Amino acid sequence: MLRLPTIRAQFPELAEAAARDQMSYRGFLAELLMAECDDRARRRPERRTKAAQFPREKSLRAFDFEANPSVDPAVIHTLATCEWVKKGLPLCLIGDSGTGNSRLLIALGTEAAMAGCRVRYALAIGFVNELVEAADKKVLTKTIARHGRILTEREEKNGVAIASNESFSGWTKTFTDPRLCAAIVDRLAFGGNLTQTGTESYRLALTQARVTAHDASG
């Protein structure tokens with residue numbers, strides 16, 4: 001009922017050790033609880049990473065900076081310390097499709113989760129679908145108000161990270177109201193971190209390299 005899996009798993013071994021060392025009841029109880037706490041601390045980053053609902057696993061260690069010359073490794077590794085999250089600053093990763101912006105977003109989100117931060121990954125299309133469903137259920141105003149507070153209430157309190165294939169100037173295609181678009185960009189850009197991942201797709205380059213290598217070997 002208390003969900004203490006580590007105590008259940010380690011009880012026989014710790015009980016034998018306690019008897020052998022003539023440990024007091026209080027000392028034995030302390031050993032059991034310390035074992036449970038240590039194991040929970042070890043598993044906590046794993047739980048936070050799972051709760052973030054990333055679509056796939058992407059580690060920063062596996063990111064190929066040589067294939068992405070537009071990305072500065074020093075900047076990314078500084079972001080990986082998660083100081084921007086603790087300070088409540090926004091992060092924008094802007095670059096064309098295939099340049100690693102989404103991959104970096106997941107990798108940096110994973111670093112934040114591993115550092116003990118609560119992380120939630122979401123796609124823009126998910127928000128759009130939610131708004132469509134809210135309109136059908138006649139709760140659109142309430143839903144817009146709830147999501148409208150995402151940026152305003154998190155400002156300088158919690159970090160927000162966004163990956164986009166469009167530069168800020170192109171956001172008017174989505175946010176057709178110029179004033180709304182300007183307000184969103186202002187909240188994301190002011191005092192935040194902007195990282196450009198470039199315009200040349202490294203995925204396309206890798207695919208072309210494989211095809212060339214295959215043709216040469218054939």
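Visitor: Which residues touch the most other members of the largest nonpolar core?

Guide: Welcome! In this predicted model, Ile76 and Leu104 have that role among the 22 residues of the largest nonpolar core.

Visitor: Which elements give two or more residues to this core?

Guide: They are helix H3 (73-79), helix H4 (83-86), strand S1 (90-95) and H5. The largest share, six residues, comes from H5.

Visitor: What does Ile76 touch?

Guide: Leaving out residues up to four places away in sequence, Ile76 touches Leu60, Phe65, Val71, Leu104, Leu108 and Thr195. Contact here requires heavy atoms within 4.5 Å, so each of these residues has a heavy atom within that limit of Ile76.

Visitor: What other core lies apart from this one?

Guide: Another core has eight residues, among them Ile94, Phe168, Ile184 and Val185.

Visitor: Now to the helices. Why is H2 called oblique to H5?

Guide: The axes of helix H2 (residues 25-51) and helix H5 (residues 101-114) come within 8 Å and cross at roughly 140 degrees. Roughly perpendicular covers 65 to 115 and roughly antiparallel starts over 145, so the crossing falls between those classes and H2 is oblique to H5. As for its hand, H2 passes H5 in a right-handed crossing.

Visitor: Which residues of H2 and H5 meet?

Guide: Pro45, Arg48 and Thr49 in H2 meet Thr110, Ala113 and Met114 in H5.

Visitor: What makes this contact three nonpolar, two polar and one charged?

Guide: Pro, Ala and Met count as nonpolar and Arg as charged, while Thr belongs with the polar ones. Therefore Pro45, Ala113 and Met114 are the three nonpolar residues, Thr49 and Thr110 the two polar ones, and Arg48 the charged one.

Methods. Residues are numbered from 1 along each chain as its sequence is written. This is a predicted model: local features need pLDDT of at least 70, side-chain atom pairs count only at pLDDT 80 or more; totals for chains, interfaces and linings use all residues. Side-chain values use heavy atoms; hydrogens and water are left out. Axes are lines fitted to C-alpha atoms, for helices over the stretch in contact, and angles run from 0 to 180 degrees between N-to-C directions. Helices (H or I, at least four residues) and strands (E, at least two) are DSSP runs, numbered from the N terminus. Angles under 35 degrees count as roughly parallel, over 145 as roughly antiparallel, 65 to 115 as roughly perpendicular and the rest as oblique. A crossing is left-handed if the near helix is turned anticlockwise from the far one by less than a right angle, and right-handed if clockwise. A nonpolar core is a set of buried Ala, Val, Leu, Ile, Met, Phe, Trp, Tyr and Cys residues joined through side-chain atoms within 4.5 Å. Buried means under 20% relative accessible area, exposed over 50%, partly exposed in between (1.4 Å probe, protein chains only).
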